[in-house]
Amino acid sequence: MNTTDTHYVARVEDLEVTFDLPTGPLVAVDGVSFDLRPGQILGIVGESGSGKSVTSRTLMGMLRHPGRVTRGRVEVNGKDLVSLAEKEVRAARGREIAMIFQDPQAALNPVMRVKDQIIEAMRIHGVERHAAHERAIELLDKVGIPNPAEAAEKFPHQFSGGMRQRVVIAIALANNPSVLIADEPTTALDVTIQAQILDLLRRLRDELGVAIVFITHDMGVVAELCDDVIVMKSGKVVERGPVADVLRTPKDPYTIALMAAIPRLDSPLRADAPSVREAAVLEVRDLRVDLNADRRALLRRPVPFFAVNGVSIAVHAGETVSLVGESGCGKSTLSRTIVGINKSASGEILHGGRPVSGMDSAERRAMTRSIQYVFQDPYSSLNPRRTAGQSLEEALLVAGVPRREIRDRSVALLERVSLSAEHLDRYPYAFSGGQRQRIGIARALASDPELLILDEPVSALDVSIQAQILDLLRDLQKQDGLAYLFISHDLAVVREISHKVAVMRKGQIVESGTAAEVFGSPQHEYTRTLLAATPDLDKAFA
Amino acid sequence: MLKFLAKKIPSILLVLFATSIIAFLLPRMAPGDPAQAVAGSDATEEQVAAIRAAMGLDKSLFVQYLDWLGGFVRGDLGMSFVYNRPVSELILDRAESTIELALLASVFMIVLGIGLGVMGGAARSKTARVVADSVNTLLIAVPAFVVGLLLIILFGVVWRLLPVSGEVSLSEDFGIGFQYLLLPALALGLALAPGIARLLQTTMLATQGEDFVDLARAKGASPRRLTYRHVLRTSLGASIVAIGMRFGELFGGAIIIEAIFARNGLGQLIVQAVNSRDYLLVQVLIMAAVLIAVISQLLTEVVLAAMDPRIRLED
Amino acid sequence: MDRNDATRPVTVPSTQVLVTTRNAQRLLTPNATARRYLAAFRTPRGIVGGIILVLLVALALLAPVIFPGGYDQQGRGALAAPNLTHLFGTDELGRDILVRTVYGLRMDLSIIIVAVPISVVVGTALGLLGALSHFAGSFVQRVLDIILGFPGVVLGLCIVLIIGPGWTSLVIAIAITGLPVFGRQARASLLEQEQREYVTAARALGVSKRTILVRHILPNSVDPILVNAAVFVVAAIFIEAGLSIIGLGIQPPEPSLGTLLNVGMRFIEQSPMYILGPTLVLILLSMSFSLISDALNATVTRK
């Protein structure tokens, strides 16, 4: 139970932030107000374009040009940052209010030792060198870095992603700030590492009493960590309140829709698994892929690195098999090897029961047409200089479609993914992320494939769009009996869409089975760790 | 770090080897018979043949090449038939002049280049940036020898402040020698500085937007600290590359500057050698020029690697 | 949630992407290629550079019309300072320096217009070979590295050594000097493009290597090539002037900007104004290309 403490550590009152663009002024933050008490963890949730990041940067006084505050107050420890001179704002930055960033690798100066980066934070605010040095080591210990004295001498590239983020947190805490702003600090991290960082933040709040403003697009993380939450859309706050209330009984239609779109770990599993009759469309037996095989060294043969180390998996018509794993587990290498981008070192790939190695070029081309790929990043998988129609045309030409039929076939493909003929002549920049991904799917369908390999197809999309794309994929599968090999790191998404699941770690499959089996009674310890680490909405209600 | 160096050696050797072959073949592809040229137009057949044998031109190409290469490695650079003196002597004579020029020009180039680059890239004062940019744009369009000519007119003809022709080596008389050296070195330095300045400026402006600069800003760092401790430090790498690449150009530019300022350096030597078809001299000088370019490139990469802890610590 | 949301075209305003997800790529706006390049000429640098270049080229093209007497009209009154009849003065044989400068400009332009495009096309082709054959690509890079080891003037000297001075050697020297520049640029572009997902997508589709090269890689590499070409023109001008000024370029009585400087140098004490005319034109010529390359760089290259 919180005591009604009216001492606020930060207050935002009716904040309006406008960007002066060449195309006209854009209001990114429109009348936002909220308060922050000491030790409170406030989540700010929104999709891209909601204004959440702009708000956080305004709190730090670090608005990017050409943005400016056109109305409102931003008070930190009683001082209104908007009305202060730059010099005074700088004095508060890093001392009373601090920030941690999304990408720890980019956020740390690569040529400065870790200790120097922490010490700098203190020296700027007048701490004497020797004291700063000692405190730096203390801080590293506090954020959970082993052997802090040794670690302090190292450079950022010598740490893993999670450790780097801890360093960033240590820097932020150097001067004991009252407010810590965390801007999507775990988005770039693996789920297990994310769980650790969230634990760390919670612990720091308990020990130090620092208030945290946690910005994210992930409701699950909010459920895990935050006390209260505000939901932002198009620069406005549409809902606010304690986490349990907002998540359980949202009132605003946007929030309601958002909650409905979020894949949950307790959602019903798919009940429409096809009965397996014939040979698998795609089967992989004991595959090994050596990523170092292509590297030509002058004198010595390079040490082999098996990113895929003995993997067997099968996908039948009409079913979705998901491959789950964290970064570096080899899932992308596996998928690229199947389509022929990487070469396999040993093992078999079979298409409809026939091994690839025994195929002649005609059969191999047929296999290429039959197994197609959908990429993760809808921004970069389409050539920015070619229209949607041209990208589809290229795929259709390779599939052997005669030129005169191309336009009709392109339109047909677009309609299958709920787009239309008017989109043919547009360039990628004119589409939203969801639309681009639809075009990517349409391109993959150009050759009438039997199987689609989807490599993190929804990870780069907003939650609401994500739900639409997953629906589309389910519909296509029902209509055409497509087989999917669905690769993802997001267990909740996987649960929504899979019939079968395989969990991958360090090049090997540690557990596989139906979705019910893997989610219901996980056997392997790693699976259980993954499931436990996945932020789940239910935790808010615990 | 050692691994890094070891990886570079094979390609360097390859370049040097290929260059030696090119340097060897080049003069021999020129029309005309050097033995004839040395003997004179009214020499008899036997005299020409004798001279040809003395020059070693009667042996097969392959043998000539090996002879030359062997001598080169041993330090015996052969004999110049036009000057009738050992090549090594000729080179040593003139080397000091060119080295002085190159060194002082480098100093000018680095100081002016980095100075202008920081002015343009610090993004603090708009006027500073505009001034630096304009100066760069102007200088980049002017080759070293034109700068030299203009300096000659300004300081040698209009206001007779400095000598513009000839030289005195620094080791003989530092004061006077320096006066002779100042304008040519300045011309070279001014011509090569804007390339470096431009690159540094662009890199700095790009780095301003990086995340780690943002983090430093979030610590409350002053703009000055941001510029020098974070942006400049990480941007210097690019300018080091630019500087290294320009060392080769420095010697190329020296050739023309020496001609303009009537300095007796290696540049002048190579021009005379080309004009008089002095085989051995040309070969050696070409090798030397390439050697310098290659070594400066290697040094640049070493310095870069030393500055980047990611490479330095990879062992 | 309206299921049709994604199908209504939503133009994501560029600021939103800029402002929100820090790691989102800046939006690429590929208008028709020509329109982009023309936009370069609306910037201040583009305008100034463009105007200067147009004027110079017009002057050079119209030289035989404006100065029908040719560049070798000798007269009395040698080494006169600039005056009303001879705007740049006269040279040691009484020839009008302005006339000779314009013809010299003509000569320089003739060299550039042949040498630079050759260098660009051949250099780029060599650099992009790596798309077709890994081995060929590396081999070519080695060769280009060797050429790179020769400072520009030294390379020129080598060519002059074999062929003798003159227009042809200058063109060859310039063309060869430029090969590593464009070769390396093309290869860097190639390596960068190969990392892009849409190239991987094309490979997964089964598109042939040659088609990928022509359809995907080449169009996306053109921008830096053009900027480099403009910059290289400046280098080409300097090479001509440099070789001519030491007497190993264009030979008299034919004028080029460099040869005029060569002679002017000899008379610098008596007639310091001699070189001013050619110097001015030389600087204007290189400045125009330098400004144009700046303008192109700013408007045309995208990440």
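Q: Before we get going, what makes two strands "pair" here?
A: Two strands pair if DSSP finds at least two bridges between them. Bear in mind that this is a predicted model.

Q: Cool. So which residue stands opposite Arg288(A)?
A: That's Ser346(A), which sits in strand 14 of chain A.

Q: And how many bridges link strand 11 and strand 14 of chain A?
A: Five bridges, in the antiparallel sense. Strand 11 covers residues 282–290 and strand 14 covers residues 346–351.

Q: What's the strand order in the sheet they're part of?
A: The order is 12-11-14-15 in chain A, an open sheet of four strands with antiparallel pairing.

Q: Why do strand 12 and strand 15 of chain A each have one side without a neighbour in the sheet?
A: Because they stand at the edges: strand 12 (306–315) and strand 15 (354–355) of chain A have a single partner strand each.

Q: Switching topic, how many residues are in contact between chain C and chain B?
A: 33 residues of chain C touch 36 residues of chain B.

Q: Which helix of chain C gives the most to that side?
A: Helix 7 of chain C, with eight residues.

Q: What about the classes of residue on that side of chain C?
A: There are 24 nonpolar, six polar and three charged residues on the side touching chain B.

Q: Now chain B itself: how many helices and strands?
A: Chain B has 13 helices and two strands. Its C-alpha trace spans about 85 × 60 × 35 Å along its principal axes.

Q: And what share of chain B is buried?
A: 42% of its 315 residues count as buried.

Notes. Residues are numbered from 1 along each chain as its sequence is written. Chains are lettered from A and ligands numbered from 1 in the order in which they are written. This is a predicted model: local features need pLDDT of at least 70, side-chain atom pairs count only at pLDDT 80 or more; totals for chains, interfaces and linings use all residues. Two residues are in contact if their C-beta atoms, placed from the backbone, lie within 7 Å. Ala, Val, Leu, Ile, Met, Phe, Trp, Tyr, Cys and Pro count as nonpolar, Asp, Glu, Lys and Arg as charged, and the others, Gly among them, as polar. A residue is buried if 20 or more other C-beta atoms lie within 10 Å of its own, exposed if 12 or fewer, and partly exposed in between; C-beta atoms are placed from the backbone.
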